[in-house]
Amino acid sequence: MTSNTTTAAPAAGPGPDGKAVPADPTTGGHVLASGADQVPAGGSLMSTLPGRYYTDAAIFAREQKAIFESMWFCAVRSSDLATPGAFRTVQVGRESVLIVRGRDGQLRSFLNICRHRGARLCTEPAGEVRRNLQCPYHAWTYGLDGRLVAAPNLVTMPDVDRVERGLVPVHLKEWLGYAWVCLAHEPPSFEDEVLDAAVERLGDLAAIEAYKVEELEVGRRISYDVQANWKLIIENFMECYHCATIHPELTGVLPEFADGFAAQYYVGHGAEFADDVQGFTIDGSAGFDKLPGIAEDQDRRYYAITVKPTVFINLVPDHVIVHRMFPVSESRTIVECDWLYAKGVVGSDRDVAHSVELFHRVNEQDFEACERTQPAMSSRAYVDGGVLVPAEHHIGAFHNWLRGRVHDVVVPKRAS
Ligand code: FES
Ligand SMILES: [Fe+2]
């Protein structure tokens, strides 16, 4: 795994009414199932997906179509496109998507394809144009709203409709300060697919809105080039069976992660900081002022949300960490991780290094574990997959969801 710094797990507990509510096992990272000392009705061990799901290019192609190109995909931080003309290109499934800020301040997204003869319009991952987007092939030129505004000899072709021949628009919504795009002709409900992941994990939408994530600024961004299938990264994030083994710093700050069966099973519960810990930092030293607006019971706690298919959101009192995955192939995933802080922190002389280092280390530990697992997926030892222990059984629901999406519905079997 390699990582680049460019700039600057799951949760559940008493429900909002105090009643214990089981978490949706398909969402949230580092979530633990209950029943530590009871053998589940179907047995202790449950089968995972077979190894080919992590190595087969044909299955990855189906995932691109049925998941990344069909669901809402978190593409860019809106503030990365600060001024009119700023653009980014992002690979979403098999398509290159162009996201650009218009002169009216709005973000818009389009397929990054010239309507003339199909040349890729923007070849750089990011940039800024002054007024228009011009194809480097025959110079067809598009406004920032996608409209065809000029082309050689266009005046001699008065029948050409400039909107109809404009760039192909892609659906875009902004939430938490990120632009989410959807390639589906009829996009699924943003509320059902994206917002509900936060509701299922935290109990209500107000709990995440309290962090005002859209107003925070990127204090640090690290991009990890992980040589593993994207599902291994999700599955790892969904369980904490590994926390005691590979995350000494994290379990030092969140001791309940060390014993596996913490209160993370319940909706609305965050893992509590250790008594002797002052902040969510590498050494437990003080972090920054808690974000204004978060509730008293959100202080000194870590919450995490998985928004399928590619986003993890981690909430702590003084900052928010957002992971966005960009699956490149069946065996490679780029993970871009943003550490977001209040305006007063970023740009001041206050050092975020202690704060960033904790989850950066967690990321490296997690991604190394995923990379250690990936090569085994093609082994004959993993033809029928591995097993989930009870603390991981909720990952079975993710596997069922995955199978359903790629139309390969198979009833999961218990390991014999
Ligand atoms: S392909 Fe773009 S102008 Fe010809
Ligand atoms: Fe982990």
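In this predicted model, the largest nonpolar core comprises 102 residues. Phe73, Ala75, Ile99, Val181 and Ile233 have the most contacts inside it. At least three residues of this core come from each of domain 1 (11-68 + 215-411) and domain 2 (73-187). Beyond residues up to four places away in sequence, Ala75 touches Val90, Val92, Val97, Ile99, Ala179, Trp180 and Val181. Two of these contacts, Ile99 and Val181, are themselves listed with the most contacts inside the core. Across the chain, buried residues account for 44% of the 416 residues. The secondary structure consists of 8 helices and 19 strands.

An open sheet is built from 7 strands, in the order 3-12-11-6-5-4-7. Its pairing is antiparallel. Strand 3 (73-77) and strand 7 (126-128) occupy the edges. Each has a single partner strand, so one side of each is left without a neighbour in the sheet. From one strand to the next, the twist averages 30°.

Within this sheet, strand 5 (residues 95-101) pairs with strand 6 (residues 107-111). The pairing is antiparallel and runs over 5 bridges. Leu98 stands opposite Phe110 of strand 6. The two strands, 5 and 6, form a hairpin with 5 residues between them. In the turn, Gly105 has a positive phi of about 90°.

Strand 6 is also joined to strand 11 (residues 169-175), here by 2 bridges. Strands 6 and 11 run antiparallel. Ser109 has Val170 in strand 11 as its bridge partner. Strand 11 in turn pairs with strand 12 (residues 178-182) in the antiparallel sense, over 5 bridges. Here Leu172 is matched with Val181 of strand 12 as its bridge partner. Val181 thus links the description of the sheet to that of the core, where Val181 is among the residues with the most contacts. In a regular strand, side chains alternate between the two faces of the sheet.

A further open sheet has 3 strands in the order 8-9-10, with antiparallel pairing. The edges are strand 8 (132-134) and strand 10 (148-150). Both have a single partner strand, so one side of each is left without a neighbour in the sheet. The twist in this sheet averages 40° from one strand to the next. Strand 9 (residues 141-143) and strand 10 pair antiparallel over 2 bridges. Tyr142 stands opposite Leu148 in strand 10.

Two helices were examined for burial. Helix 7 (residues 353-373) has 21 residues. From its first C-alpha to its last, helix 7 reaches 30 Å, close to the 30 Å expected at 1.5 Å a residue. Its buried residues are Ser355, Val356, Leu358, Phe359, His360, Val362, Asn363, Asp366, Phe367 and Cys370. An α-helix has 3.6 residues a turn, so residues three or four places apart point the same way. The cover over the buried residues of helix 7 includes strand 13 (217-226), strand 16 (311-316), strand 17 (319-329) and strand 18 (332-341). Helix 4 (230-238) and helix 6 (248-253) also contribute to this cover.

Helix 4 is itself mostly covered, with 9 of its 9 residues buried. They are Trp230, Lys231, Leu232, Ile233, Ile234, Glu235, Asn236, Phe237 and Met238. Ile233 of helix 4 is also among the residues with the most contacts inside the largest nonpolar core.

Definitions and conventions
Residues numbered from 1 in each chain as written. Chains lettered and ligands numbered in written order. Predicted model: local features only at pLDDT ≥ 70, side-chain atom pairs only at ≥ 80, totals over all residues. Pairing = 2+ DSSP bridges. Helix = DSSP H or I, 4+ residues; strand = E, 2+ residues; numbered from the N terminus. Axes fitted to C-alpha atoms, helices over the stretch in contact; angles between N-to-C directions. Core = buried A, V, L, I, M, F, W, Y, C linked by C-beta atoms within 7 Å. Buried ≥ 20, exposed ≤ 12 C-beta atoms within 10 Å, placed from the backbone. Domains from an automatic or database assignment. Contact = placed C-beta atoms within 7 Å. Expected span 1.5 Å × (residues − 1).
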